[in-house]
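These are my notebook entries on one protein chain. I record what I looked up and how each term was defined.

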Amino acid sequence: MNVLVIGKGGREHALCWKLGQSPRVKTVYCAPGNAGTARDAENVPIDPKDSKELVRFAKARDVGLTVVGPEEPLVNGLVDAFQREGLRIFGPRKDAAELEGSKIFAKELMRQAGIPTAEFRVFRGAPDAEQFILSREVALTLRPRGRTPVRGTQHCRTAAEAIAAIEAILDPREVLVPGSAEVEIDERGKRRSFKTIEEARRYVLSRPIGLVIKADGLAAGKGVAVCKDLGEALDAIDQIMVRREFGRAGDRVLIEERLDGVEASVLALTDGRTIIPLESSQDHKRAYDGDEGPNTGGMGAYSPATVLTPELMAEVEREILVPVVHAMKRSRRAFRGVLYAGIMLTHQGPKVLEFNVRFGDPEIQAILMRLRSDLLDALEAVVDERLDTITLDWDPRPSVTVVMAAEGYPGPYERGRPINGLDEADRIEGVKVFHAGTTTRNEPQGPRIVTDGGRVLNVTAIGETVAEARERAYRAASSIRFTGGWFRHDIADRALNPKASSGEDETA
């Protein structure tokens, strides 16, 4: 059978690699692929958004199964286009893919189905969202000092009230002598004095909150802000709804309470009736060691997630996976494909951070490293709605994936930097280097693999223990060199020492 994998990242390289191991597969094509998929499959220069050309290619090359990697083609209806032409394809239809395409749709579905998740509010405009943020309780006492027309102590319950009082006390139109007026802000006995509105306002907005701001639509994993204070929340709203950095994805925003606990990822295959969870994993979203820095698409993962005990996995399946599949079926959006549940393990039990409708990246790299069964058999069973006939066999050994990133990621970065040491890394026992952001550049001395993305490589290793898998992955990563390349140094520390980096805030 010929198989087509759509996408060009590390996830797609892992899928090509694993599908290519099936004795029933003749050729694996990857559209458009990268320098790594070119080694394990045959690249096809077709844009994943070009559904007509993908359908044409699948027909011309007698493709027996197409597997969609990224979320955007799913949300845009690629599966629908293939099915209309009688072509077999793995992934949810457009209406079911809205589970990831709209965070608001997903939250409202969870509310209706009784699936545990954070409390939330939906906003369609920046002014209303900003007003909600400023209505948060701060409990500040303000006292005018010096030559100001305002007299008396003011007890401010919300940030909006405090800012209004500051502007009245320090109103430059009323303060006759510049610098002669101050406002004293008392917070539970801690007093600070300010002479300018901007300084006082900045102090009020530095009050801590536990909120997460999310763009409703797809934003390449970057439309989420975990806000430590009021100022960060207002900045996130401005970024999403005013500056429109994520385009139409920011037409609406979701504001929800921040969940505290330990994060884990649960992926499951489902044909709309049967659910088969894959082995658990744990992602590392923040850019830097110790879960510091901005959110990324994921800087590493390991499998299994030691925090997800068999009892917790059973609870996740019972309280989250089964209800969401049933809820989708009741809403006439039958879900067939892989369901990704980002979970926060809180003191009240597992709660959903997000649902995705495709294999997690970089989680699937670590998971597929441990899969002994034929992946093609499992994906076909989903497409043919006979998943109840499949069982999956797993390697008990743990695996670790370390993401190597380009200088500047998750911000702006340069492309085209030559990569050295790939063959040396691949020769290390138990190691597979999956390419995420690479391409091949023709040079006088021959083809050269160069960087072509923010997350460049997914260095994955398996070992008898987490420590061994981790050591192999880092040894391989250290042997690979490209200018400005970097990686986190604490991937899988949570498995070795649960107190090392608990991931105790929402980073989805």
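The entries below go from the whole chain to single residues.

**Entry 1: Ground rules**

I note that this is a predicted model, in which local features need pLDDT of at least 70 and side-chain atom pairs count only at pLDDT 80 or more, while totals for chains, interfaces and linings use all residues. Residues are numbered from 1 along each chain as its sequence is written, and side-chain values use heavy atoms, with hydrogens and water left out.

**Entry 2: The whole chain**

I looked up the secondary structure and found 17 helices and 26 strands in the chain. The radius of gyration of the chain is 25 Å and the globule rule gives 23 Å for 508 residues, so the chain is as compact as a globular protein of that length. This radius is taken over C-alpha atoms, and the rule is 2.2 Å times the number of residues to the power 0.38. Helices (H or I, at least four residues) and strands (E, at least two) are DSSP runs, numbered from the N terminus.

Along the principal axes, the C-alpha atoms fill a box of roughly 85 × 55 × 45 Å. I then asked how much of the chain is buried: 60% of the 508 residues count as such. Buried means under 20% relative accessible area, exposed over 50%, and partly exposed in between (1.4 Å probe, protein chains only).

Contacts (heavy atoms within 4.5 Å) came next. Of those in the chain with a separation of 6 or more, 67% are between residues 24 or more positions apart.

I also looked up the charges, counting Lys and Arg as positive and Asp and Glu as negative, with His and the chain ends not counted. There are 72 positive and 77 negative side chains, and the centres of the two sets lie 2 Å apart. Each charge is placed at NZ of Lys, CZ of Arg, CG of Asp or CD of Glu.

**Entry 3: Strands and sheets**

I recall that strands of a sheet pair through backbone hydrogen bonds, either parallel or antiparallel. Here two strands pair if DSSP finds at least two bridges between them.

One open sheet has five strands in the order 16-19-22-26-23, with antiparallel pairing. Strand 16 (282–283) and strand 23 (431–435) stand at its edges with a single partner strand each, so one side of each is left without a neighbour in the sheet. Within this sheet I followed strand 22 (residues 399–405) and strand 26 (residues 455–462), which are joined by seven antiparallel bridges. Val400 has Ala461 in strand 26 as its bridge partner.

I then turned to strand 24 (residues 438–443) and strand 25 (residues 446–451), an antiparallel pair with six bridges. A hairpin of two residues connects strand 24 to strand 25, and Asn442 stands opposite Pro447 in strand 25.

**Entry 4: Helices and their surroundings**

Which residues of helix 6 (residues 94–101) are buried? I found Ala96, Ala97, Leu99, Glu100 and Gly101. Their cover includes helix 4 (71–75), helix 7, helix 12, strand 20 (337–346) and strand 21 (349–356).

In helix 7 (residues 103–113) I looked up Lys103. Is Lys103 buried or exposed? Lys103 is buried, at 19% relative accessible area. Leaving aside neighbours within four places in sequence, the contacts of Lys103 are Lys214, Ala215, Asp216, Gly217, Val224 and Leu254. Leu254 is 151 residues from Lys103 along the chain, yet their C-alpha atoms are separated by 7.5 Å.

Ala477 lies in helix 16 (residues 466–479) and is buried, with 0% relative accessibility. Not counting residues up to four places away in sequence, Ala477 touches Met404, Val459 and Phe487. The C-alpha atoms of Ala477 and Ala425 are 7.0 Å apart, with their positions 52 residues apart along the chain.

**Entry 5: Backbone details in loops**

I looked up two cis peptide bonds. One runs from Ser303 to Pro304, with omega near 0°; Pro304 lies in the loop between strand 19 (300–303) and helix 12 (310–330). Another joins Tyr409 and Pro410, with omega about 10°; Pro410 lies in the loop between strand 22 and helix 15 (422–426).

I also looked up positive phi values. Arg188, which is not a glycine, has phi near 55° and lies in the loop between strand 9 (181–187) and strand 10 (190–194). Asp291, also not a glycine, has a positive phi of about 55° and lies in the loop between strand 17 (286–288) and strand 18 (292–295). Arg188 is exposed, with a relative accessible area of 72%, whereas Asp291 is buried at 16%.
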